[in-house]
Amino acid sequence: STDSFSSELPAPEELLEKAGGPMLDFSYVGIDAILEQMRRKAMKQGFELNIMVVGQSGLGKSTLMNTLFKSKVSRKSVLATAQEKIPKTVEIKSISHDIEEKGVRMKLTVIDTPGFGDQINNENCWQPIMKFINDQYEAYLQEEININRKKRIPDSRVHCCIYFIPPTGHCLRPLDVEFMRRLSKVVNIVPVIAKADTLTLEERDFFKKKIREELRANGIDVYPQKEFDEDAEDRMINEKIREMIPFAVVGSDQEYQVNGRRLLGRKTKWGTIEVENIAHCEFAYLRDLLIRTHMQNIKDITSSIHYEMYRVRRLNENNTMVAHANGIPEHHLTAHEM
Amino acid sequence: MVEGMGEGARGVPLSGHVGFDSMPDQLVNKSVNHGFCFNILCVGETGLGKSTLMDTLFNTKFEGEPTQHNQPGVTLKSNTYELQESNVRLKLTVVNTVGFGDQINKEDSYKSIVEFIDAQFEAYLQEELKIKRTLHSYHDTRIHACLYFIAPTGHSLKSLDLVTMKKLDSKVNIIPIIAKSDAISKSELAKFKIKITSELVSNGVQIYQFPTDDESVAEINSTMNSHLPFAVVGSTEEVKIGNKMVKARQYPWGTVQVENETHCDFVKLREMLIRVNMEDLREQTHTRHYELYRRCKLEEMGFKDTDPDSKPFSLQETYEAKRNEFMGELQKKEEEMRQMFVQRVKEKEAELKEAEKELHEKFDRLKKLHQDEKKKLEEKKKSLDDEVNTFKQKKTAAELLQNQAQQAGGSTTLKRDKERKN
């Protein structure tokens with residue numbers, strides 16, 4: 001429309017000063033309509049999200065995924081085998097779903113890692129996981145360097161890896177440290193304290209503090225990584241999150257009647273734990289972080305940082321001289337351990 | 001179903017609000033923080049009001065003075081401006097063709113435009129092929145829209161227009177517009193538009209079609225497609241109409257209001273170019289025109305799609321290596337040609353020298369002949385002269401004798417002697 005805003009705006013000279021230059025208009029051009037155009041395009045194309053869950057069996061991984069996405073998205077729910085045998089080695093099993101909410105469509109892929117940490121000797125059990133993650137980067141790279149390439153390269157890269165810490169209440173185990181130390185270099189790791197309803201609030205706070213100390217001591221950067229904060233506003237928001245992780249979560253796909261409302265929860269003889277009640281557990285924080293506020297950011301860090309690092313390593317494989325010329329620090333080159 | 005998403009995904013219903021419906025907002029917020037960029041190329045003869053139209057479209061005064069008409073060739077001048085509207089920051093680049101249509105011989109006019117467009121694609125390709133790259137902060141200079149200004153003759157497209165548009169249609173989104181359309185009457189305009197459209201079609205020129213696959217904008221876009229080319233009028237001067245100040249051009253016989261849809265198509269152009277399809281223009285540039293350029297360039301360099309098992313080579317290095325090889329070959333060819341040329345020159349020189357030598361010899365021979373002749377003639381002359389002298393001497397001697405005889409005998413004897421002698 002051609003409505004002039006001149007009656008509402010301050011005098012042109014004032015606006016000029018504010019804008020800091022001669023580029024100013026007080027008649028609507030319509031540049032900001034591009035936001036709507038982008039939204040339209042996004043709705044039409046839909047989104048992809050790939051989440052990996054890692055942790056010993058029995059820590060409630062499947063239940064948590066179902067709770068996060070309010071539907072039966074975990075592999076167990078889909079395949080419905082009565083008894084699942086723990087595999088002898090770590091397997092990687094992924095399953096995809098099309099979900100839709102208010103016109104927004106998403107292809108969600110949940111990647112399960114049965115067998116992790118379940119053996120007597122768990123040496124190198126991170127290797128298959130590392131390989132899987134790198135294989136997805138490789139697939140993307142292969143498509144990207146094709147001459148005839150797809151309009152939209154299918155994205156199977158792992159955007160986020162949720163690591164389940166057993167609620168011992170003491171400190172991280174060597175396996176936890178080893179895994180997170182290695183994987184945090186190639187993927188966004190979100191550690192969570194599983195089955196947190198076995199910890200009191202004081203135990204929980206103590207445990208969390210201990211974990212954060214150990215992560216710091218081992219140089220492990222979990223999501224949101226400090227070095228990728230974009231600006232002061234980002235840093236402020238992310239600092240608050242960093243002071244709260246790992247989130248102590250409880251999962252449930254059962255609803256119970258609490259105070260006249262139907263809520264997701266776990267019913268015990270001594271009370272009902274409300275999953276989405278932040279006084280009970282931190283599930284809501286995890287959900288907000290992963291889905292409602294930082295989902296795009298998680299994907300961006302995967303594509304513009306983790307994937308790019310993989311690509312640099314890969315393209316440099318026969319050429320360390322070029323690496324030095326491009327100023328790639330040594331530790332990035334050697335992070336590709338198997 | 002879900003567009004563009006792979007196989008093997010099943011649809012599951014959600015039993016409550018999850019919250020990923022905020023994804024479009026998250027995406028938009030990220031883009032807002034980042035800012036947008038949009039690059040427009042204006043192609044058209046000098047004096048068709050390109051700069052004024054840009055000023056009118058974006059409601060601002062871009063720098064620059066009107067260009068002279070005596071440019072020796074077509075150059076492209078680009079200027080970048082930072083615009084802001086509410087929370088949207090736009091980095092707008094306007095590229096102008098300076099001197100287009102001014103030369104006597106316009107055969108090569110389109111070349112600098114094509115080169116410019118290709119150069120922007122090349123720059124992006126280089127960045128994309130780098131080992132350590134920063135694509136998300138790269139300032140994209142690729143041309144998203146090309147406004148082609150058609151002179152308001154009222155008859156048909158000029159051949160320069162057809163040739164240029166044909167060369168550009170596979171490289172950029174072309175939006176043809178009739179410039180200074182207040183020079184044409186309404187009825188002539190309708191005929192003009194039909195003529196232009198049919199000429200474009202019959203010459204196979206692909207102009208940009210506003211997309212009709214999204215229901216929310218399909219209707220307005222398809223209507224607008226039928227109004228192409230847009231007949232525009234630009235003006236940054238304001239005239240009071242009623243109780244409002246409007247952008248207009250004032251004539252003694254009336255006032256043309258820029259934003260009045262019955263006067264010209266300016267509003268349609270603004271609507272399509274900025275308010276509805278800016279994002280689609282950017283996407284088409286990236287997914288269609290750039291991909292085509294990239295594909296052709298890589299194939300030209302001799303790359304082929306390798307099979308899935310082989311390792312990815314460093315595209316950048318191999319690209320550089322191939323390019324050097326290519327350049328090397330070019331140089332070698334150039335060298336060969338130069339050698340051949342030098343050789344030919346030598347041969348020709350030798351031939352000419354031979355010919356020259358022969359000529360000299362011939363000349364010498366002739367000269368000698370000439371000299372011989374001359375000598376002979378001189379000898380003959382000498383002998384003749386001698387004869388003459390001898391005769392003279394004899395004559396003198398005879399006269400002497402006669403005189404002596406006369407003095408001794410009388411005049412009759414002389415006569416008798418004379419008669420006797422004759």
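## Loops, cores and a two-chain contact

A:Lys102 sits in the loop between β2 (93–101) and β3 (104–112) of chain A, where helices (H or I, at least four residues) and strands (E, at least two) are DSSP runs numbered from the N terminus. This is a predicted model, in which local features need pLDDT of at least 70 and side-chain atom pairs count only at pLDDT 80 or more, while totals for chains, interfaces and linings use all residues. Residues are numbered from 1 along each chain as its sequence is written, chains are lettered from A and ligands numbered from 1 in the order in which they are written, and side-chain values use heavy atoms, with hydrogens and water left out.

**Exercise 1.** Work out what is odd about the backbone of A:Lys102, and whether the residue is buried or exposed.

*Solution.* Start with phi: A:Lys102 isn't a glycine, yet its phi is positive, about 50°. Then check accessibility: the relative accessible area of A:Lys102 is 63%, so it's exposed (buried is under 20%, exposed over 50%, partly exposed in between, with a 1.4 Å probe and protein chains only).

**Exercise 2.** Do the same for B:Ser86, starting with its place in chain B.

*Solution.* Find the loop between β3 (75–85) and β4 (88–98) of chain B; that's where B:Ser86 lies. Now take phi, which is near 50° for B:Ser86, positive in a residue other than glycine. Last, accessibility: B:Ser86 has 51%, so it counts as exposed.

**Exercise 3.** Track down the cis peptide bonds at A:Pro224 and A:Pro246.

*Solution.* One cis bond joins A:Tyr223 to A:Pro224, with omega about -5°. A:Pro224 is in the loop between α7 (201–217) and α8 (232–242) of chain A. Moving along, the bond from A:Ile245 to A:Pro246 is also cis, omega being near 0°. You'll find A:Pro246 in the loop between α8 and β6 (247–248) of chain A.

**Exercise 4.** Which residues have the most contacts inside the largest nonpolar core?

*Solution.* A nonpolar core is a set of buried Ala, Val, Leu, Ile, Met, Phe, Trp, Tyr and Cys residues joined through side-chain atoms within 4.5 Å. The largest has 87 residues, and A:Phe69, A:Ile162, A:Phe179, A:Met180 and A:Leu183 make the most contacts in it. Helix α5 (residues 127–144) of chain A is its biggest contributor, with seven residues. Zoom in on A:Phe179: beyond its neighbours within four places in sequence, its contacts (heavy atoms within 4.5 Å) include A:Val54, A:Trp126 and A:Ile189.

**Exercise 5.** Describe the contact between chain B and chain A, from residue counts to charge pairs.

*Solution.* Count first: 85 residues of chain B and 76 residues of chain A take part. Next, area: about 7,600 Å² is buried, 54% of it from carbon and sulfur atoms (this is the accessible area, 1.4 Å probe, that two parts lose on being put together, summed over both). On the chain B side, B:Phe20, B:Glu85 and B:Ile131 lose the most area, together 10% of what that side buries. Finally, the charges: there are 11 salt bridges between the chains, each a side-chain nitrogen of Lys or Arg within 4 Å of a carboxyl oxygen of Asp or Glu. One of them pairs A:Arg39 with B:Asp25, whose closest N and O atoms are 2.9 Å apart. Helix α8 (residues 278–300) of chain B gives the largest share of its side, 11 residues.
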